[in-house]
Amino acid sequence: MANRAQTPALRLSGVTKRFGAFTANERVDLDINRGEIHALLGENGAGKTTLMRIVTGLYQPDEGEVRMDGETIRFRKPEHALRAGIGMVHQHFTLVPTLTELQNLAMRPARIPWSNATADVRRRSEEIAATTGLRINPDRMVADASIGERQRLEIVKLLCRGARILIFDEPSAALSPGEWDELAALMRRLAAEGHAIVLISHKLTEVFAVADRYTVLRAGAVVGTGLVTEVTPDELVTMMVGGPVMERPARAHVNPGRPVLTVRGLGVARDPLDPKSPPALSGIDLQVRAGEILGIAGVAGSGQNELVEAVMGIRPALRGRIELDGKPFEDRTPRRFYQSGGALIPEDRHHVAIVSGMTLWENITMRALRRPPLSRRGILNPSAARGEARRLMAEFDIRADTEKIPIGRLSGGNQQKAVLAREFSGHPALLIAVQPVRGLDVRATDFVYRQLSEHRARGGAILLISMDLDEILALSDRIAVLAHGRIQGVVEAEDATRTRIGALMTSAEEAPCS
Amino acid sequence: MGIFDVAFLVSAVTIAAPILLAATGELVSERAGVLNVGLEGVMLTGAFGGYLVMWETGSLVLGFVGGMIAGLLFAAVMALLSIEAKVDQIVSGIALTLLGYGLTAFLNERFLVPARTFDPLPRLEIPVLSDIPVIGPAMFDQDAFIYATAILIILVAFALGRTTWGINLKAVGESPVSADAAGVGIRAMRWAAVLFSGLCAGAAGAYLSIGDVGVFREGMSGGRGYLAIAAVLFGGWRLAGLGIAATIFAVADATQLRLQAIGVIPREVWVAVMILVVLVMVLGRMRRGAGAARLASGRLTGIEVAGLASVAILLALVIVPPSITLPVPLWLAMPYLLALVALGTEGKRRHKAPTALAVPYLRSEV
């Protein structure tokens with residue numbers, strides 16, 4: 001690369017950070033050059049986040065130094081890093097939904113309290129639109145913007161503040177394939193303009209699509225760095241995990257059995273309180289059979305949430321019938337959904353799937369607490385529940401010192417395993433899995449996929465909803481494409497290709513009102 | 001005109017001003033995410049502080065400064081508890097109010113004997129404007145405090161809507177994580193907002209004691225601090241809403257003051273209540289009609305049926321006015337009763353509250 005000779009935009013040398021006895025980063029050396037996209041890889045807990053928090057001024061390193069353009073820097077708070085030109089696009093956006101996009105850009109420490117930066121920022125955002133093509137909708141509320149648009153705004157916000165080093169933390173987690181392609185092109189453009197880009201990602205396909213160089217962290221230390229063109233995906237995975245990952249067994253052929261979930265003519269209004277509001281779903285026909293994974297492909301906001309909520313009874317349906325496990329499922333409530341043999345892996349792990357302040361065993365046994373043997377005549381038997389939790393911890397390989405630890409203190413992978421343990425322990429006929437590996441590392445992802453496959457092999461039915469097309473293609477027996485609140489088509493796995501699904505996703509324009 | 005004359009309007013404005021000022025401060029504090037439940041205590045301390053300084057110096061201006069400093073100090077305690085110690089804001093607020101009651105009563109009895117009475121703030125007549133009939137004497141022949149309140153509200157409206165400081169303030173109350181990521185100091189913003197609310201409540205308290213009546217009495221804020229908090233909620237965390245809420249409370253309070261004096265409820269009170277009920281019903285219908293097309297269905301909701309029933313009863317009362325007399329404590333309770341009703345009907349506004357209201361901010365969870 002041509003940039004090799006010059007001083008790197010950011011150089012970390014010997015950076016060590018300890019929390020008590022735990023070493024989060026151990027003598028990390030890292031060079032980020034201007035004009036390059038540098039992928040930072042590693043499993044959850046490998047120390048990527050800590051390292052980036054040091055770079056962005058949230059933590060101070062215990063040892064080692066950070067140099068920017070050759071000068072040693074020491075940030076005491078995030079504001080200093082921002083001012084120096086280091087900006088981070090967080091996985092969870094740092095935008096205020098009740099303010100307009102322009103006001104979000106204008107949010108910054110004000111030297112003169114009564115100053116008004118909005119006019120200045122508006123001009124600046126227009127300049128950025130002219131040079132990078134990143135257009136914002138200045139007077140729109142952020143709450144009304146889509147995920148992709150919010151991410152764009154987040155990037156504009158950093159560019160407005162003069163960021164020259166941009167760190168993207170799992171940027172594709174919430175994006176549709178099309179939006180990711182746009183973002184990848186944008187990252188290339190920014191790099192070409194001389195920005196330095198750091199990409200934190202689990203997805204190797206993305207790394208190979210955009211990155212120039214990579215650095216792999218494991219257990220807080222750098223285990224490998226180099227040019228992306230000189231490495232294979234398998235080598236990277238081996239570096240990340242510390243050993244080769246077993247090949248997933250090829251999907252066993254299972255003859256689909258009786259229908260487990262049947263949805264006929266389901267219609268749902270966008271605003272649950274107002275039946276006259278435009279439909280979020282209309283004329284949905286679906287069938288998931290025993291021993292089958294039905295994948296729902298579609299960009300975020302195509303009606304996936306409404307579908308799950310309507311089937312579970314959280315959201316009222318305007319019309320349509322649902323049959324669950326062979327019986328009509330009317331007067332839906334979440335409790336009756338679980339009683340009728342349903343289970344759910346929700347998309348939002350932190351807020352819906354777990355109660356992070358409660359202990360691991362409480363979270364695992366939550367659904368079984370009403371029934372014997374964990375409770376008798378309404379009186380709970382905590383020791384039996386803890387025993388059951390320990391059994392499931394062993395079965396599902398949940399790594400925790402004790403079942404009494406608050407679940408919020410576990411890693412994302414272990415939290416998701418606990419969710420799987422809870423949902424599978426009821427032997428459900430139907431599992432609805434929404435983005436089941438969101439934010440998980442390689443090993444945890446592999447574990448979740450194996451569990452889903454086993455459930456299918458046992459004759460369970462799975463409705464898999466994901467915005468990650470690769471995941472849908474890898475796991476599903478049949479794929480239904482959801483766009484604008486309608487099923488645009490159902491494709492058998494053998495006939496499914498990215499282009500065919502992608503075409504169905506974008507085929508229909510706005511759904512006609514019915 | 002009966003009891004609803006110009007003097008009634010003047011007294012309503014006098015009652016509304018301190019509530020409005022304290023509520024404006026509270027609004028700023030709540031937009032930054034700190035629910036200052038101790039407002040009642042801060043107001044009472046301001047009333048006492050103002051009286052204390054005036055008792056010593058005899059100067060009205062210094063008295064107001066004293067009230068503001070007292071409010072500032074009390075608010076600083078609230079800020080220390082809620083922002084630094086991250087104590088539950090409801091609990092610390094209640095504790096602060098109780099402390100305010102106890103402390104002022106004790107100090108007043110122990111040190112400020114004999115009690116002195118001062119002349120209240122003089123009225124300043126604004127030329128030309130005060131000659132406008134009805135509005136003139138009510139709005140433009142008032143004391144300096146009321147003009148200052150009006151100016152301050154305009155300034156706050158400007159600051160909230162038109163400055164970077166206002167954007168930062170709203171961001172801190174709505175999504176402190178985002179504000180922090182943008183480099184805005186959460187603690188500094190919250191401290192500033194709480195101290196500002198202390199200044200406002202302190203000045204409002206001083207107006208109650210030395211500005212309006214010229215004397216301090218134990219517990220003289222009489223729940224006005226709570227009314228101010230209620231006004232912020234009722235007003236949907238917007239300044240315009242605050243104005244409506246303060247108007248309702250003040251009119252109710254002024255009415256009950258008048259009725260206390262008269263004893264028997266005269267006919268025009270029933271007429272006024274009837275007009276009010278009809279107005280509220282029509283407004284409610286219009287607002288809902290704008291969203292859904294339920295207006296066309298013509299069905300009545302439960303609240304509307306109750307409203308129509310009360311209109312019928314009120315109509316009967318207008319035609320045959322009964323001679324009802326109520327004991328004074330019941331009259332005193334009227335504005336608070338009205339506040340409850342107002343909050344109950346506007347319960348759905350809760351969703352307009354700043355998301356991080358009453359939630360302490362801990363950084364590490366970015």
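1. Start with helix H7 of chain B, residues 164-174, in this predicted model. Ten of its eleven residues are buried, so the helix is largely enclosed by the rest of the structure. The buried ones are Thr164(B), Gly166(B), Ile167(B), Asn168(B), Leu169(B), Lys170(B), Ala171(B), Val172(B), Gly173(B) and Glu174(B). Notice that Lys170(B) and Glu174(B) are on that list, and both count as charged.

2. What covers the buried residues of H7(B)? Part of the cover comes from chain B itself, including helix H1 (6-31), helix H6 (144-162), H8 and helix H9 (186-213). Chain A joins in too, with helix H3 (101-106) and helix H4 (118-132). Try picking out these helices around H7(B) on your screen.

3. Now step back to chain B as a whole. It has 15 helices and two strands. Of its 366 residues, 48% are buried. Take the contacts in chain B with a separation of 6 or more: residues 24 or more positions apart account for 79% of them. On the outside, chain B exposes about 16900 Å², and carbon and sulfur atoms supply 73% of that area.

4. How is each chain divided into domains? For chain B, the assignment gives domain 1 (6-263 + 326-365) and domain 2 (265-324), with 31 Å between their centres, taken over C-alpha atoms. Look at how domain 1 of chain B is written in two pieces, 6-263 and 326-365. In chain A, domain 1 is 10-241, while domain 2 is written as 257-341 + 463-514. The C-alpha centres of these chain A domains lie 35 Å apart.

5. Next, the holes. A search of the whole structure turns up three cavities of 30 Å³ or more. The largest holds about 210 Å³ of space. Its lining has 18 residues, and the closest to the cavity centre are Thr56(A), Pro78(A), Met88(A), His90(A) and Ala181(B). So which elements give two or more residues to this lining? From chain A they are helix H2 (78-84), strand E6 (86-89) and helix H5 (147-160), and from chain B helix H8 (176-181). You have met H8 already: it is among the elements covering the buried residues of H7(B). By class, the lining of the largest cavity divides into twelve nonpolar, four polar and two charged residues.

6. The second largest cavity has about 50 Å³ of space. Lining it are Ile54(A), Tyr59(A), Gln60(A), Pro61(A), Val66(A), Ile73(A), Arg74(A) and Phe75(A). Six of these lining residues are nonpolar, one is polar and one is charged. If you want to match names to classes, Gln60(A) is the polar one and Arg74(A) the charged one.

7. Two single residues in chain A are worth a click. Glu423(A) sits in helix H14 (residues 412-425). Is Glu423(A) buried or exposed? Its relative accessible area is 3%, and buried means under 20%, so Glu423(A) counts as buried. Leaving out residues up to four places away in sequence, Glu423(A) touches Tyr338(A), Ala343(A), Leu344(A), Arg367(A), Pro428(A) and Leu431(A).

8. The other one is Leu227(A), in strand E10 (residues 221-227) of chain A. With a relative accessible area of 15%, Leu227(A) also falls under the 20% cut-off, so it is buried. Thr215(A) is twelve residues from Leu227(A) along the chain, and their C-alpha atoms are separated by 9.0 Å.

Note on methods:
Residues are numbered from 1 along each chain as its sequence is written. Chains are lettered from A and ligands numbered from 1 in the order in which they are written. This is a predicted model: local features need pLDDT of at least 70, side-chain atom pairs count only at pLDDT 80 or more; totals for chains, interfaces and linings use all residues. Side-chain values use heavy atoms; hydrogens and water are left out. Domain bounds come from an automatic or database domain assignment. On a 1 Å grid over the protein atoms alone, a cavity is a set of points where a 1.4 Å probe fits but cannot get out, and a pocket is an open set with protein on both sides within 12 Å along at least five of seven lines; lining residues have an atom within 4 Å of a point. Grid points are joined across faces, edges and corners, and a volume is the space filled by probe spheres set on the points. Helices (H or I, at least four residues) and strands (E, at least two) are DSSP runs, numbered from the N terminus. Buried means under 20% relative accessible area, exposed over 50%, partly exposed in between (1.4 Å probe, protein chains only). Contact means heavy atoms within 4.5 Å. Accessible areas come from the Shrake-Rupley method with a 1.4 Å probe; for residues, only the protein chains shown count as cover.
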